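Hello,

Here is the structure we talked about handing over. Please open it first, then read the notes below it.

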Amino acid sequence: EDKKDNTVKCLNGLKAIADELGCNMATLAMAWVLKYDKVSTVLVGATKLKYFDDFESAMKLREKLTEEVEQKINDALGNQPSTEFDCRLWKNRDPVR
């Protein structure tokens, strides 16, 4: 039951952020992936025109994803992506001092 409650809490937090930005949750998710510089490739499975419209909206929305908005997303999910692994180089990053 705790997992379900946590999932609902996360989704409600993301929904509030999407509403604040004037988009749906799918668009918010795609914009986050497009904005996140540790992602090397974004594959869009647009089997319907509406899905492509969401992707187009995400391309425009990514510029609105400021550090503040990204932090709200991390807070809503209760996590932050790890930057230890570089998927572009397919290896762990060198430690930063």
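**T27 and its surroundings**

T27 is buried, at a relative accessible area of 3%. The cut-off for buried is under 20%. T27 belongs to helix α2. Leaving out residues up to four places away in sequence, T27 touches D54, S57, A58 and L61.

**Confidence**

Please keep in mind that this is a predicted model. The mean pLDDT over the chain is 86. A score of at least 70 is reached by 89% of the residues. Among the elements, α1 has the highest mean pLDDT, at 95. The lowest mean belongs to β1, at 70.

**Overall layout**

The chain contains four helices and two strands. Along the sequence, the order is α-α-α-α-β-β. There are 97 residues, and 23% of them count as buried. The exposed area of the chain is about 7500 Å². Carbon and sulfur atoms supply 54% of that area. Now the contacts between residues at least 6 apart in sequence: 66% of these join residues at least 24 apart.

**The core**

In soluble globular proteins, nonpolar side chains tend to be buried together. Here, the largest nonpolar core has 15 residues. Which of them touch the most other members? They are I17, L21 and L28. Four helices each supply at least two residues of this core: α1 (2-21), α2 (25-35), α3 (49-61) and α4 (67-77). The most comes from α1, which gives four residues.

L21 is worth a click. Setting aside neighbours within four places in sequence, L21 is in contact with L28, L61, L65 and V69. L61 is also on the list of residues touched by T27.

**Aromatic rings**

A search of the whole structure gives one aromatic pair. The partners are W32 and Y36. Their ring centres are 4.9 Å apart and their planes are at 15°. Planes under 30 degrees apart count as stacked, so this pair is stacked. Are the two residues buried or exposed? W32 is partly exposed, because its relative accessible area is 22% and the partly exposed range lies between 20% and 50%. Y36 counts as buried, at 16% relative accessibility.

**Cysteines**

How many disulfides does a search of the whole structure find? The result is zero. A disulfide is a covalent bond between the sulfur atoms of two cysteines. On burial, C10 has a relative accessible area of 12%, so C10 is buried. C23 is buried too, at 16%.

**A loop glycine**

G78 sits in the loop between α4 and β1 (85-86). Why does G78 count as exposed? Its relative accessibility is 66%, and exposed means over 50%. G78 and K9 are 69 residues apart along the chain. Their C-alpha atoms are separated by 10.0 Å.

**Where to look**

For a quick tour, begin at T27 in α2. Go on to I17, L21 and L28 in the core. Then view the stacked rings of W32 and Y36. Finish at G78, in the loop between α4 and β1. When you get to β1, recall its mean pLDDT of 70.

Best wishes

Terms used. Residues are numbered from 1 along each chain as its sequence is written. This is a predicted model: local features need pLDDT of at least 70, side-chain atom pairs count only at pLDDT 80 or more; totals for chains, interfaces and linings use all residues. Side-chain values use heavy atoms; hydrogens and water are left out. A nonpolar core is a set of buried Ala, Val, Leu, Ile, Met, Phe, Trp, Tyr and Cys residues joined through side-chain atoms within 4.5 Å. Buried means under 20% relative accessible area, exposed over 50%, partly exposed in between (1.4 Å probe, protein chains only). Contact means heavy atoms within 4.5 Å. Accessible areas come from the Shrake-Rupley method with a 1.4 Å probe; for residues, only the protein chains shown count as cover. pLDDT is the predictor's confidence in each residue, from 0 to 100. A disulfide is a pair of cysteine sulfur atoms within 2.5 Å. Rings of Phe, Tyr and Trp (its six-membered ring) pair if their centres lie within 6.5 Å; planes under 30 degrees apart count as stacked, over 60 as edge-to-face and the rest as tilted.
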